[in-house]
Amino acid sequence: MTETVSPSAAAHFSEARSAQVVIDSLANTTDPRLKVVLSSLVNHLHAFVKDVEPTQQEWQHAIDFLTQVGHKCDDTRQEFVLLSDVLGVSMLVDAVNNRRRGTVTDSTVLGPFHMVDSPPRPLGADISLDGNGERCVFAGQVRSADGHALPGAVVDVWQANGAGFYDVQQPELQPERNLRGLFTSDDQGRFWLRTVIPRYYPIPDDGPVGRLLRATNRHPYRPAHIHVIAGADGHHPVTTHVFLAGSPYLDSDAVFGVKESLVRPVRMIDDALRAEHYSVVNPFPLIEFDVILEPVSAAPT
Ligand SMILES: [Fe+2]
């Protein structure tokens, strides 16, 4: 007859040792990164619970909230990205992944509206398919950190219209792929396109994240901006925005995405030759945004 050995008291769950007991259960995790991530998650979650001491009802409320966040997601709505955004987590993940920047273009959040692929369009194309907004030109040059132009760079652009809505928010009103385009820079690294001046807008607040904002007396607005992802051979791509100077909410972006280096004016240009080059009526509003990319070789290991 074999003797039954009681598990040591140290293996039992207790309030005092809760995190360590769970972390010990991860000992056989074969993926070392997963082990690190889960162990840290357990440590922080347990510390959070010990700090807050939620009631059972509050804990159930939290579960219900996350369930509602999941249920709100579909092919064109990403409520988890919104939740991450309004809690500043998206910007923090961006920050810890882009510490090496220096003189290159700052990054910011991807946001929840890059839900569909931008269609390739020729330089100079008009991406405003619904014509909702004041016409303008968006132009810039993609360069490497040492200043040399980057021909063949790919510039992905998407934005809201003059009423502050993206195509995926108004499938009944806006044509598919409205205000989206994938452009390839010319032999001098330049890109240009016709569009409309985007309006500031509220992030979608008809779901659980909106209720969270209202419960904390926060507004849901983002200042006017155009999204850009730019990439070129041998360079780190950058996911960023250009924010429009003078827009409301530049100082209180609901997702904390504004960086001073990314704010640009909308300038009225009176130049017949440039107007002809861009195929617009003179004078015209212009938003200029040069993108500086970091060579891969310059990145620290
Ligand atoms: Fe946006």
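Helix α3 gives the largest share of the lining of the largest pocket, 7 residues. Helices and strands here are DSSP runs (H or I over at least four residues for a helix, E over at least two for a strand), numbered from the N terminus. This is a predicted model, where local features need pLDDT of at least 70 and side-chain atom pairs count only at pLDDT 80 or more, while totals for chains, interfaces and linings use all residues. Residues are numbered from 1 along each chain as its sequence is written, and side-chain values use heavy atoms, with hydrogens and water left out.

Back to that pocket. The space in it comes to about 560 Å³, and its lining counts 13 residues, with L45, F48, W59, A62 and L66 nearest the centre. Two elements give two or more residues to this lining: α2 (32–52) and α3 (56–72). By class, you'll find 10 nonpolar, 2 polar and 1 charged residues there. For the classes, Ala, Val, Leu, Ile, Met, Phe, Trp, Tyr, Cys and Pro are nonpolar, Asp, Glu, Lys and Arg are charged, and the others, Gly among them, are polar. A pocket is an open set of points on a 1 Å grid over the protein atoms alone, where a 1.4 Å probe fits and protein lies on both sides within 12 Å along at least five of seven lines; lining residues have an atom within 4 Å of a point. Points are joined across faces, edges and corners, and the volume is the space filled by probe spheres set on them.

Between α2 and α3, have a look at E53 in the loop. Its phi is positive, near 50°, and E53 is not a glycine. Most residues other than glycine have a negative phi, and most peptide bonds are trans. E53 is also exposed, with a relative accessible area of 58%; exposed means over 50%, buried under 20% and partly exposed in between, using a 1.4 Å probe and protein chains only.

From α3 we can step over to helix α6 (residues 208–215), whose buried residues are P208, V209, G210 and L213. These pack against α3 and α4 (79–86). After α6 comes N217, another residue with a positive phi, near 55°. N217 sits in the loop between α6 and β6 (221–222) and is exposed at 74% relative accessible area. Its C-alpha atom is 30 Å from that of P171, with the two positions 46 residues apart along the chain.

Now compare R143, found in strand β1. The C-alpha atoms of R143 and G189 are 46 residues apart along the chain and separated by 6.6 Å. Beyond its neighbours within four places in sequence, R143 is in contact (heavy atoms within 4.5 Å) with H148, A149, L150, D290, V291, I292 and L293. With D290, the side chain of R143 makes a polar contact of 3.0 Å. That term covers a pair of N or O atoms within 3.5 Å; within protein, one must be able to donate a hydrogen and the other to accept it, and residues adjacent in sequence count only if both atoms are side-chain atoms.

L150 turns up again around S185, which lies in the loop between β3 (180–184) and β4 (190–196). S185 counts as buried, at 5% relative accessibility. A polar atom of its side chain lies 2.8 Å from the backbone oxygen of L150, and the side chain of S185 also reaches the backbone nitrogen of G152 at 3.1 Å.

What about the aromatics? The structure holds 8 aromatic pairs. Rings of Phe, Tyr and Trp (its six-membered ring) pair if their centres lie within 6.5 Å; planes under 30 degrees apart are stacked, over 60 edge-to-face and the rest tilted. F113 and Y166 are stacked, because their ring centres are 4.2 Å apart and their planes at 15°. This pair links distant parts of the chain, 53 residues apart. Y166 and Y201 have centres 5.3 Å apart and planes at 90°, so this pair is edge-to-face. Together, ring pairs link F113, Y166 and Y201 into a cluster. F113 is buried at 4% relative accessibility, and both Y166 and Y201 are buried.

One last stop is the loop between α7 (272–278) and β11 (284–288), where P283 lies. A cis peptide bond joins N282 and P283, with omega about -10°. S279 is found in that loop too, and its phi is positive, about 60°, although S279 is not a glycine.
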